[in-house]
Structures are given as C-alpha cells and as structure tokens.
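Colleague: Got a minute to go through this one with me? I'd like to start with the surface and then look inside.

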Amino acid sequence: MASPDDLKFTEFEEAEDLLSADPGASTLSVSSAGVTTAAAQDIKVDLSEDEENQEENSGLLGGEKQQTGGFWTFEYYQSFFDIDTMQVLDRIKGSMMPLPGRNFIRHHVRNNPDLYGPFWICVTLVFSVAISGNLSTFLSQQGDPRYHYRPQFHRVTIAAIVVFMYAWLVPLGVWGFLTWRKGQTERQTSGYSFLETVCVYGYSLFVFIPTSVLWSIPFLWVQWTLIVIAMVISGSVLVLTFWPVVRDDTKMTAFAIVASIVVLHALLAIGCKLYFFETAQEVHHVPTAAPNLNTSVGGKVTG
C-alpha cells in the first residue's frame, strides 16, 4: 500500500514556494485553462453562427424578394401580395404627402414592391370615377324637365380599361426606356425594377380616389381646382422618384423623360374629368307631325 507521502502533490509545494518568493506572480491551473479554452471555442462558434445569420438577414432585407418557383406557379405571384396593412397605409401616406428629398421607392418600398396596394387602388379608382361621374351628371341636370336620367354602366368598363392600361403600360414604357438608356450610357449607375415602377405608379393614383368623389360637386371651378391639386400631389411623387435616376443622363434626355411622365399623368386626370364628368347632353324632343284633320265629306274637303 502506498504511503500518504507518495500521494502528496509536490507541485503545489513548489507553487507555494514560488508565490512566497514573488507574491505578484499569476497562476493558471490546467483545469481552468482547459475550461477557458473550451468556453472560448464555444463562444467563437456561437459568434460565427450569429454573424452568418446576420449576413443572411441583411441579404434578405437589402435585396429583392426571393422568388420560389417559376412565373407560371401561384407561389411566384403570391409573394407580391405578401404585405401587411401597416405597410400599405405607410405607402399611401407617402404618396399623399410627397416631400423634397424623400424618394418614394427608397423610403417606403425599400426593394419590397407589392401589387396588392396598386391593384386595389386601381379597382377602387375605377368604381369611384364611374359612380361619381353618374352622380355628377344627375346633379348637374337635376330639375331639368327635358332630361331623363339613365345610369351609364358602360363607364365602368371604360374606366377599367383606361386606369389599368395606364397603371401597367406607362410603367412598362418608362421602365423599358430607362433600362435601354442604362445600357447606352455609363453615367446612369442605378435604376428601378419593373415591379418597383408599377408600385410607385399604382400608389400615385390613390389621390384621385377622394378627388373623383369630390368631382361630383356640380361647380366647374371646384372640379378644375381639385384636378390641379391632385396632379401636383401625384405628379410630385413620380418626379421625386424618377429624377434621381435620370439626372445623371444628358440634360435634354432627363428633362424629356420627366416632362413625358408629367404630361401622361396630366392627360389621365384631364381625360377622366372631360369624359366621366361632362355635362349631360340635353334631350331634345323632336316635334311630331300634326295629325291630318282634313276629311272629305261628299267629295268636299273640309277642315
């Protein structure tokens, strides 16, 4: 059997001697060093995992939506309607209050374009223009005995064609031209995607929904004042959004693009006013021929 002296740890005695000679010396045990090293390795692994997660999240937030499946699948289009109510309200608020230096796409869309807001804005605008146009016609001719009111349901179809063609074809033309100019010149370094262009055009039409309702007021000066206000608000959203993209191009091209955007927007507003809110045509009563009261009695004409 081993004696107690054989089991005695002599290294501790040596450590005590060293400490007595130099009290300020630091000591590190093997067990604590091993624990510290293992803990450091665990922390390093955890930190590396957090960094990878942060990089993945930043990539998802900084880039566009990652599409799942091809464009012929339902999941592809479902991602463009994946937006909550607060985001839609924030974008509507941004389209109603354009501020200098605040780009609508950069400050509100943030590489996350949606089709939910533009779609329902266009649908609501179609019905508001058609219904308010019929109401305006009725109010302007109220009290005229020669006028017979008939609801004009064909205006809904015409309004749908005009609004949706503007909300899709004009952004397509703007996006195509900017893409072509981006390939022609090296000074234009950034641009918008097609969905971002459709998104800003769709939300810019929201101001015409309350304006079209107020257009039913049967006063011409009120209607034209509302048209000017609506065109200034919605046109400012488009100009402030596309000017940072086209300003690096030649001066003539930049002003031509901005002027085309404003003119097309003004044509939509003025065209809706002139067609849907025109004064109803007066109903003219065509006089009918008087009945022939002449009768022949005994070969003689009397009357």
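Colleague: Which residues form the nonpolar patch on the surface?

Modeller: This is a predicted model, to be clear up front. The patch is made by Phe81, Tyr116, Phe119 and Trp120, and together they have about 400 Å² of accessible area.

Colleague: Where does Tyr116 sit?

Modeller: Tyr116 is in helix H6, which covers residues 116-140.

Colleague: And why does Tyr116 count as partly exposed?

Modeller: Because its relative accessible area is 36%, and partly exposed is what lies between under 20% for buried and over 50% for exposed.

Colleague: OK, zooming out. What's the secondary structure of the chain?

Modeller: Eleven helices and two strands. Going from the N terminus, the helices run one after another and the two strands come at the end.

Colleague: How much of the chain is buried?

Modeller: 31% of the 303 residues. The chain exposes about 19,800 Å², with carbon and sulfur atoms supplying 65% of that.

Colleague: Now the inside. Which residues touch the most other members of the largest nonpolar core?

Modeller: That core has 46 residues, and the ones with the most fellow members in touch are Val200, Tyr201, Tyr203, Leu205, Phe208 and Phe242. Elements giving two or more residues to this core include helix H4 (85-96), helix H7 (154-184) and helix H11 (251-276).

Colleague: Which element gives the largest share of this core?

Modeller: H10, with nine residues.

Colleague: Back to Phe242. What is Phe242 in contact with?

Modeller: Setting aside neighbours within four places in sequence, Phe242 contacts Val174, Leu178, Tyr192, Thr197, Val200, Tyr201 and Ile261.

Colleague: Switching to rings: how many aromatic pairs are there?

Modeller: Twelve. One of them is Phe104 with Tyr203, a tilted pair at 6.0 Å centre to centre and 45 degrees between the planes. Phe104 is in helix H5 and Tyr203 in helix H8, so that pair links parts of the chain 99 residues apart.

Colleague: Are those two rings buried or exposed?

Modeller: Buried: Phe104 has a relative accessible area of 3%, and Tyr203 is at 0%.

Modeller: Tyr201 and Phe242 form a tilted pair too, 6.1 Å centre to centre with 50 degrees between the planes. Tyr201 lies in helix H8 and Phe242 in helix H10, so this pair ties together parts 41 residues apart in sequence.

Colleague: Which residues do ring pairs link into a cluster?

Modeller: Tyr166, Tyr192, Tyr201 and Phe242.

How values were computed: Residues numbered from 1 in each chain as written. Predicted model: local features only at pLDDT ≥ 70, side-chain atom pairs only at ≥ 80, totals over all residues. Heavy atoms only, no water. Patch = residues over 30% accessible without salt bridge, like charges linked within 9 Å, V, L, I, M, F, W, Y side chains within 5 Å. Areas by Shrake-Rupley, 256 points an atom, 1.4 Å probe, with all protein chains shown as cover. Salt bridge = Lys/Arg side-chain N within 4 Å of Asp/Glu carboxyl O. Helix = DSSP H or I, 4+ residues; strand = E, 2+ residues; numbered from the N terminus. Buried < 20%, exposed > 50% of the residue type's maximum accessible area, 1.4 Å probe, protein only. Core = buried A, V, L, I, M, F, W, Y, C linked by side-chain atoms within 4.5 Å. Contact = heavy atoms within 4.5 Å. Phe/Tyr/Trp six-rings, centres within 6.5 Å; stacked < 30°, edge-to-face > 60°.
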